[in-house]
There are 2 protein chains.
Amino acid sequence: MAQKTAPDSTRRSERSRRAIYDAALALVGEVGYVKMTIEAIAARAGVGKQTIYRWWPSKSAVLLDAFLDLSEQASAELSAKAGLAEVATAIPDSGDLEADLKYVLRATVDEMTNPKFDAPARALAAEGVVNEQLGREFVEKLLEPQLQLYVDRLRAAQEQGQVAPHVDPRIALELWTGPLAQRWLQHTAPLGYEYTDTLVEYALYGIAPR
Amino acid sequence: MAQKTAPDSTRRSERSRRAIYDAALALVGEVGYVKMTIEAIAARAGVGKQTIYRWWPSKSAVLLDAFLDLSEQASAELSAKAGLAEVATAIPDSGDLEADLKYVLRATVDEMTNPKFDAPARALAAEGVVNEQLGREFVEKLLEPQLQLYVDRLRAAQEQGQVAPHVDPRIALELWTGPLAQRWLQHTAPLGYEYTDTLVEYALYGIAPR
């Protein structure tokens, strides 16, 4: 009997954890970060408040883990779509930087226009704009690690001679992540594949005549 | 006597208008857009609520005019700094696109790091991220007209042969406005002159070897 208790409890924990993530992501999208409470997350997830406090010290910690989980799910879906047996944790390297960037940015547009991602990410981004501590925490733990994948891919491209040696990869990646973030957050213009393809071409070859 | 009344009343109106703008900009930076009320703006500006309603239908209309006024002031300061007799309403055209863009982006960094601009603009941007109607109104009336100045400058550069004919100026300008907005709003990395200079160089000449 003792041997069966552990897996059961693990499954129960896993179910609770997933319910808490779902509740936190739904709530932050519906009421915003400031009005979201641990009590409301617990009620919606159908768990006790103490269950949440046992695992996380604060609502920002819950939300951070919920987003990490969401982006892992997105990576898993993308990898499955690409026919990969394992979850990709890097930007693909086919040896053709332009093609690889276009592929990843099209997938990013799909994610940004998916309501499951859009509402919570938008609520969090809005709070991060005015709440510098929260903004920095999420950039450090969530956004920057994703941006570093572009740094790695651009370094490889430099070794392959597809990016000029003087280019700083950490700045270069902003030529596409910046415009995409601005269109998404500020609704300045529509997002689409043609747009992201164009960004990649301008960034790689420049807008001045070659 | 009647002849003196009009100018006096105009001066009084102008003083009230300026006090209302200052109050709106200060309040939105301190309490955020949602909690800012017409009553609070009136109290801080030392005018009656009816004075505000006589000129503007809503708090978003007050704030829009306050921001338009603030950016006109910024343009006036920039023009004075450049030794111009009149306020510049376009991006300078010295015939050297790289130099002109670097100059304007350095001025933009100065504005973004000026607390008088930063707090209210940040509060408004945060609200625009989650309040699509407000976001679109401010983009249409405030941000887009500023972005169109880059479109005009890039069209001139195309005629001068400094930008390739196939380039869409409305997308190209995002290569620098997007990254700048992202660093400013999301605190992803510091803003500075060396950074904006680098953005201009990457955007013009591309990151692939020439």
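**Exercise 1. A residue of the first helix**

Task: Place B:Leu27 within chain B, decide whether this residue is buried or exposed, and list what B:Leu27 touches beyond its sequence neighbours.

Solution: B:Leu27 sits in helix H1 of chain B, which spans residues 2-31; the model in which this is read is a predicted one. The next step is accessibility: B:Leu27 has a relative accessibility of 9%, and since the cut-off for a buried residue is under 20%, B:Leu27 counts as buried. For the contacts, neighbours within four places in sequence are set aside, and what remains is B:Gly32, B:Met36, B:Ala40, B:Ile41 and B:Arg44. A distance completes the picture, for the C-alpha atoms of B:Leu27 and B:Val109 are 23 Å apart, with these positions 82 residues apart along the chain.

**Exercise 2. The make-up of chain A**

Task: Describe the secondary structure, the extent and the burial of chain A.

Solution: Begin with the elements, which in chain A are 10 helices and zero strands, so that the order from the N terminus on is written α-α-α-α-α-α-α-α-α-α. The C-alpha atoms of the chain fill a box of roughly 70 × 40 × 25 Å along the principal axes. Of the 210 residues in chain A, 49% are buried. Turning to contacts with a separation of 6 or more, 63% of those in chain A join residues that are 24 or more positions apart.

**Exercise 3. The nonpolar core**

Task: Which residues touch the most other members of the largest nonpolar core, and what surrounds A:Leu63?

Solution: The largest nonpolar core holds 126 residues, and those that touch the most other members are A:Leu63, A:Trp176 and A:Ile207 together with B:Leu63, B:Trp176 and B:Ile207. Taking A:Leu63 as the example, and leaving out residues up to four places away in sequence, one finds contacts with A:Ala24, A:Leu25, A:Val28, A:Tyr33, A:Met36, A:Leu124 and A:Phe138.

**Exercise 4. How the two copies are related**

Task: What operation superposes chain A on chain B, and through what surface do the copies meet?

Solution: Chain A is superposed on chain B by a rotation of 180° with a shift of 0.0 Å along the axis, and the RMSD is 0.0 Å. The two copies are therefore related as by a two-fold rotation axis. Within chain A, the C-alpha nearest this axis belongs to A:Gly206, at 1.8 Å from the axis. Because 100% of the interface residues of chain A are also interface residues in chain B, the copies meet through the same surface.

**Exercise 5. The cavity and helix H9**

Task: How many cavities of 30 Å³ or more are there, and which residues and helices line the largest cavity?

Solution: The count comes to one cavity of 30 Å³ or more, and the space in the largest cavity is about 50 Å³. The lining consists of A:Gly178, A:Ala181, A:Gln182, A:Leu185 and A:Gln186, along with B:Gly178, B:Ala181, B:Gln182, B:Leu185 and B:Gln186. By element, helix H9 (174-186) of chain A and helix H9 (174-186) of chain B each supply at least two residues of this lining. By character, the lining residues comprise four nonpolar, six polar and no charged. As for the helix of chain A, H9 is mostly covered, with 13 of its 13 residues buried.

**Exercise 6. The loop after H9**

Task: Where do residues 187 and 188 lie in each chain, what is the phi of each His187, and what does each Thr188 touch?

Solution: A:His187 is found in the loop between H9 and H10 of chain A, just after H9, and takes a phi near 50°, a positive value in a residue other than glycine. B:His187 lies in the loop between H9 and helix H10 (193-205) of chain B, where phi is about 55° and likewise positive. A:His187 is buried, with a relative accessible area of 11%, and B:His187 is buried with a value of 11%.

A:Thr188 belongs to the loop between H9 and helix H10 (193-205) of chain A, and B:Thr188 to the loop between H9 and H10 of chain B. A relative accessible area of 12% makes A:Thr188 buried, and B:Thr188 is buried at 12%. Setting aside residues up to four places away in sequence, A:Thr188 touches A:Gln182 and A:Arg183 in chain A, and B:Val139, B:Leu143, B:Glu144 and B:Arg170 in chain B. With its neighbours within four places left out, B:Thr188 is in contact with B:Gln182 and B:Arg183, and across the chains with A:Val139, A:Leu143, A:Glu144 and A:Arg170.

Conventions:
Residues are numbered from 1 along each chain as its sequence is written. Chains are lettered from A and ligands numbered from 1 in the order in which they are written. This is a predicted model: local features need pLDDT of at least 70, side-chain atom pairs count only at pLDDT 80 or more; totals for chains, interfaces and linings use all residues. Side-chain values use heavy atoms; hydrogens and water are left out. A nonpolar core is a set of buried Ala, Val, Leu, Ile, Met, Phe, Trp, Tyr and Cys residues joined through side-chain atoms within 4.5 Å. Buried means under 20% relative accessible area, exposed over 50%, partly exposed in between (1.4 Å probe, protein chains only). Contact means heavy atoms within 4.5 Å. On a 1 Å grid over the protein atoms alone, a cavity is a set of points where a 1.4 Å probe fits but cannot get out, and a pocket is an open set with protein on both sides within 12 Å along at least five of seven lines; lining residues have an atom within 4 Å of a point. Grid points are joined across faces, edges and corners, and a volume is the space filled by probe spheres set on the points. Helices (H or I, at least four residues) and strands (E, at least two) are DSSP runs, numbered from the N terminus. Ala, Val, Leu, Ile, Met, Phe, Trp, Tyr, Cys and Pro count as nonpolar, Asp, Glu, Lys and Arg as charged, and the others, Gly among them, as polar. Copies are superposed by least squares on the C-alpha atoms of residues with pLDDT of at least 70 in both.
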